[in-house]
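Student: Please take one part of this model and go through it closely, setting it in the context of the chain around it. I would like the reasoning to be spelled out wherever a cut-off matters.

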Amino acid sequence: MKTSLAALTATALCALAGAAHAQTAGAAPVAQATLTALKACAANAQGALAFNPPSPGLDAAGVILADSGYAPDLAAFKDISPSERFAAAVNSAQGQIILMSDTTRQICRLAVEDITPAQVALVQAAVRGMAGDWVPQSNTGGATTYSGTVAGSSQLMFEVRVPAPKTGYGTANFILTVMNPAGPG
């Protein structure tokens, strides 16, 4: 039986974070929660929001620190070395949203997992308002890929994957990677 990332996170945060940074946020609808995650990833890729240690900045961004050893949760992050990644999560009323950053490569990825096709469409519509210029790149390997810029910034770029089930991305239904080509990595 799968233990949810949110339940593990809440338990771990109570034990590790203490009263100073409880980092508990309400569960928003998945599209709104994904926008929260995208904003946090954009700030992280620019070096303005570290995912470690607990901080008031994470609280303000609606992000909680997280870690998961559950393989399907990690499949969307398979190209990020475990020694280089820092994990976080955003509470969602549907599915779960996991974020991982790789500061050496100046990337931050969010994966929305365990949502329905209708919810994927809602997430895509919400994200298109913030991450524009959706240019189709490919439709291979079981994933439709798009790319563009985040919030019109020439500093940040994104890539979105909408993987088909059972194509090597675990339970992820929507994956967005924010890249900072102007960064030092």
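Tutor: What follows is a close look at one strand, its partners and its turn, and then at a few other places in the chain.

The model is a predicted one, and its secondary structure amounts to 5 helices and 8 strands, arranged along the sequence as α-α-α-β-α-β-β-β-α-β-β-β-β. Of the chain's 185 residues, 46% count as buried, and among the contacts with a separation of 6 or more, 56% are made by residues 24 or more positions apart.

The part to examine is strand β4, which covers residues 107–113. 7 of the 7 residues of β4 are buried, so the strand is largely enclosed by the rest of the structure. In a regular strand, side chains alternate between the two faces of the sheet. In β4, I107, R109, A111 and E113 point one way, while C108, L110 and V112 point the other way. The residues of both groups are buried, R109 and E113 included.

Two partners pair with β4. One of them is β3 (residues 96–102), which pairs with β4 in the antiparallel sense over 7 bridges; within that pairing, L99 has L110 of β4 as its bridge partner. The other is β8 (residues 172–179), which also pairs with β4 in the antiparallel sense, again over 7 bridges. On this side V112 stands opposite F174 of β8, and R109 has T177 of β8 as its bridge partner.

The link from β3 into β4 deserves attention of its own. The two strands form a hairpin with 4 residues between them, and Q106 in the turn has a positive phi of about 60 degrees. Most residues other than glycine have a negative phi, whereas Q106 has a positive phi although it is not a glycine. Q106 has a relative accessible area of 13%, and because a residue counts as buried when that value is under 20%, Q106 is buried.

Following the pairing outward from β8 leads to β7 (residues 157–163), which pairs with β8 in the antiparallel sense over 5 bridges, with R161 standing opposite I175 of β8. Strand β8 is itself mostly covered, with 6 of its 8 residues buried. The loop between β7 and β8 contains K166, a residue that is not a glycine and yet has a positive phi of about 60 degrees. K166 has a relative accessibility of 84%, and because the cut-off for exposed is over 50%, K166 counts as exposed. The two positive-phi residues can therefore be set side by side: Q106 is buried, whereas K166 is exposed.

Turning from the strands to the helices, two packed helices are described by the angle between their axes and the distance between the axes. The axes of α2 (residues 30–45) and α5 (residues 117–128) come within 8 Å and cross at roughly 45 degrees, which makes α2 oblique to α5. The crossing of these two helices is right-handed. In their contact, V30, A31, T34, L35 and L38 of α2 meet Q119, L122, V123, A126 and V127 of α5; the residues involved divide into 8 nonpolar, 2 polar and no charged.

Helix α2 also contains K39, which counts as exposed at 52% relative accessibility, because the cut-off is over 50%. K39 and L49 are 10 residues apart in sequence, and their C-alpha atoms are 10.0 Å apart in space.

One further backbone feature belongs to the loop between α2 and α3 (56–61), where P53 is placed. Most peptide bonds are trans, but the bond joining N52 and P53 is cis, with omega about 0 degrees.

To return to the strand that was the starting point, β4 has antiparallel pairings with β3 and with β8, and the side chains that it points each way are all buried.

How values were computed: Residues are numbered from 1 along each chain as its sequence is written. This is a predicted model: local features need pLDDT of at least 70, side-chain atom pairs count only at pLDDT 80 or more; totals for chains, interfaces and linings use all residues. Side-chain values use heavy atoms; hydrogens and water are left out. Axes are lines fitted to C-alpha atoms, for helices over the stretch in contact, and angles run from 0 to 180 degrees between N-to-C directions. Angles under 35 degrees count as roughly parallel, over 145 as roughly antiparallel, 65 to 115 as roughly perpendicular and the rest as oblique. A crossing is left-handed if the near helix is turned anticlockwise from the far one by less than a right angle, and right-handed if clockwise. Contact means heavy atoms within 4.5 Å. Ala, Val, Leu, Ile, Met, Phe, Trp, Tyr, Cys and Pro count as nonpolar, Asp, Glu, Lys and Arg as charged, and the others, Gly among them, as polar. Buried means under 20% relative accessible area, exposed over 50%, partly exposed in between (1.4 Å probe, protein chains only). Two strands pair if DSSP finds at least two bridges between them.
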